[in-house]
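Open the model in your viewer and keep the selection tool at hand. The stops below say what to pick next and what to look for there.

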Amino acid sequence: MVIDLKRTICAKKIFLLFLPGINRKMDIYTLLAIAVALSFDTFAVSLTFGVIQSRIKFFKALNVALIMALFQGGFPVVGYFLGSAIHKYASVMDHWVAFVLLAILGGRMVYEGIKGDAANKSRDVTKPSIVLAMAIGTSIDAFVVGVSFAFLKTDIWISAAVIGAVTLVASMTAIRIGKLAGPKLGSGVEISGGIILIAIGVKILLEHTIFA
């Protein structure tokens, strides 16, 4: 028991040697918790991708997940370096941008689902314009986290890499789950996906206004 404990402590010390910024200001467990929390919205959006695009191929799913991870990991970097200068301006509009983007995309899906367009044609929700809009909409909170990292003097590059990696795994997992659930929803896939997007937009808006 003592030997195992010593090995665990030794392994943790070796691991933390590669995380100097986090070791001093923020431990890896806190960073992972932040990364998981930030990936919730991405998980929900990726679930929508899988539900609607149930025949999505692996590499196309990977492409979507990589874009999500790039924005989720990149926005903290932007917030870290530009946050102090533009945070007071961005904080007024960021949640509205996220809400409008997700509400428009979600509303369009619900409308087309009710109208029956989804049954008549194959809708490609993995188009670059749609993926980019969703990636931006779900990465707003990551920008705010980047501003906080600047005040904490956290190693932003390691933090961004961890956040991006967690987001990548979360997105791929969600797409896979969505692929399995999509066929069971039948004609309601567009409506279900649209409602999820609108709900995420409302959630972000409330978090930055009423519950701020």
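**First stop: a ring on the surface**

Select tryptophan 157. Its relative accessibility is 57%, so it counts as exposed. The cut-off for exposed is over 50%. Keep in mind throughout that this is a predicted model.

Now add phenylalanine 81. At 48% relative accessibility, this residue counts as partly exposed. Show both rings. Phenylalanine 81 and tryptophan 157 form an aromatic pair, 6.0 Å centre to centre, with 40° between the planes. The pair is classed as tilted. Trace the chain from one ring to the other: phenylalanine 81 sits in helix 4 (residues 58-115), tryptophan 157 in helix 8 (residues 156-185). They are 76 residues apart, and the pair links distant parts of the chain.

**Second stop: the third ring**

Which residue joins Phe81 and Trp157 in a cluster of ring pairs? Select Tyr80: ring pairs link Tyr80, Phe81 and Trp157.

Tyrosine 80 belongs to helix 4. With a relative accessible area of 22%, tyrosine 80 is partly exposed. The buried class ends at 20%, so tyrosine 80 falls outside it at 22%.

Show what surrounds tyrosine 80. Beyond the neighbours within four places in sequence, tyrosine 80 is in contact with Gly146, Val147, Phe149, Ala150, Thr154 and Ile156. Then draw a C-alpha to C-alpha distance from tyrosine 80 to aspartate 155. It should read 9.9 Å, across 75 residues of sequence.

**Third stop: isoleucine 158**

Step along to isoleucine 158, in helix 8. Is isoleucine 158 buried or exposed? Its relative accessible area is 17%, so isoleucine 158 is buried. Draw another C-alpha to C-alpha distance, this time to glycine 73. The two are 9.9 Å apart in space and 85 residues apart in sequence.

**Fourth stop: another ring pair**

How many aromatic pairs are there? The count comes to four. One of them joins phenylalanine 58 and phenylalanine 59. Select both. Their centres lie 5.3 Å apart and their planes make an angle of 80°, an edge-to-face arrangement. Phenylalanine 58 and phenylalanine 59 are both exposed.

**Fifth stop: helix 3**

Go to alanine 35, in helix 3. Colour by accessibility here. Alanine 35 counts as buried because its relative accessibility is 0%. Leaving aside residues within four places in sequence, alanine 35 is in contact with Val162, Ile163 and Val166. Check valine 145 too: its C-alpha is 9.9 Å from that of alanine 35, with their positions 110 residues apart in sequence.

Move on to serine 39, also placed in helix 3. Serine 39 counts as buried, since its relative accessibility is 5%. Show its partners. Not counting residues up to four places away in sequence, serine 39 touches Val166, Thr167 and Ala170. Val166 is a shared partner: it touches alanine 35 and serine 39.

**Sixth stop: a pocket**

Display the second largest pocket. Its volume is about 160 Å³. Which residues lie nearest its centre? Select Ala37, Leu38, Asp141, Val144 and Val145. They are among the ten residues of the lining.

Now colour by helix. Helix 3 (28-52), helix 7 (140-152) and helix 9 (189-208) each supply at least two lining residues. Helix 3 gives the most, with five.

Switch to colouring by residue type. The lining divides into six nonpolar, one polar and three charged residues.

**Last stop: the whole fold**

Zoom out and show the cartoon. The protein has nine helices and zero strands. Along the sequence the pattern reads α-α-α-α-α-α-α-α-α.

Hide the cartoon and show the surface. The protein exposes about 11,600 Å², and carbon and sulfur atoms supply 71% of that area. Buried residues make up 43% of the 212 residues. Alanine 35, serine 39 and isoleucine 158 are examples you have already visited.

Finish with a contact map. Take the contacts with a separation of 6 or more: residues 24 or more positions apart account for 89% of them. Return to phenylalanine 81 and tryptophan 157 for a pair that links distant parts of the chain.

Technical notes: Residues are numbered from 1 along each chain as its sequence is written. This is a predicted model: local features need pLDDT of at least 70, side-chain atom pairs count only at pLDDT 80 or more; totals for chains, interfaces and linings use all residues. Side-chain values use heavy atoms; hydrogens and water are left out. On a 1 Å grid over the protein atoms alone, a cavity is a set of points where a 1.4 Å probe fits but cannot get out, and a pocket is an open set with protein on both sides within 12 Å along at least five of seven lines; lining residues have an atom within 4 Å of a point. Grid points are joined across faces, edges and corners, and a volume is the space filled by probe spheres set on the points. Helices (H or I, at least four residues) and strands (E, at least two) are DSSP runs, numbered from the N terminus. Ala, Val, Leu, Ile, Met, Phe, Trp, Tyr, Cys and Pro count as nonpolar, Asp, Glu, Lys and Arg as charged, and the others, Gly among them, as polar. Rings of Phe, Tyr and Trp (its six-membered ring) pair if their centres lie within 6.5 Å; planes under 30 degrees apart count as stacked, over 60 as edge-to-face and the rest as tilted. Buried means under 20% relative accessible area, exposed over 50%, partly exposed in between (1.4 Å probe, protein chains only). Contact means heavy atoms within 4.5 Å. Accessible areas come from the Shrake-Rupley method with a 1.4 Å probe; for residues, only the protein chains shown count as cover.
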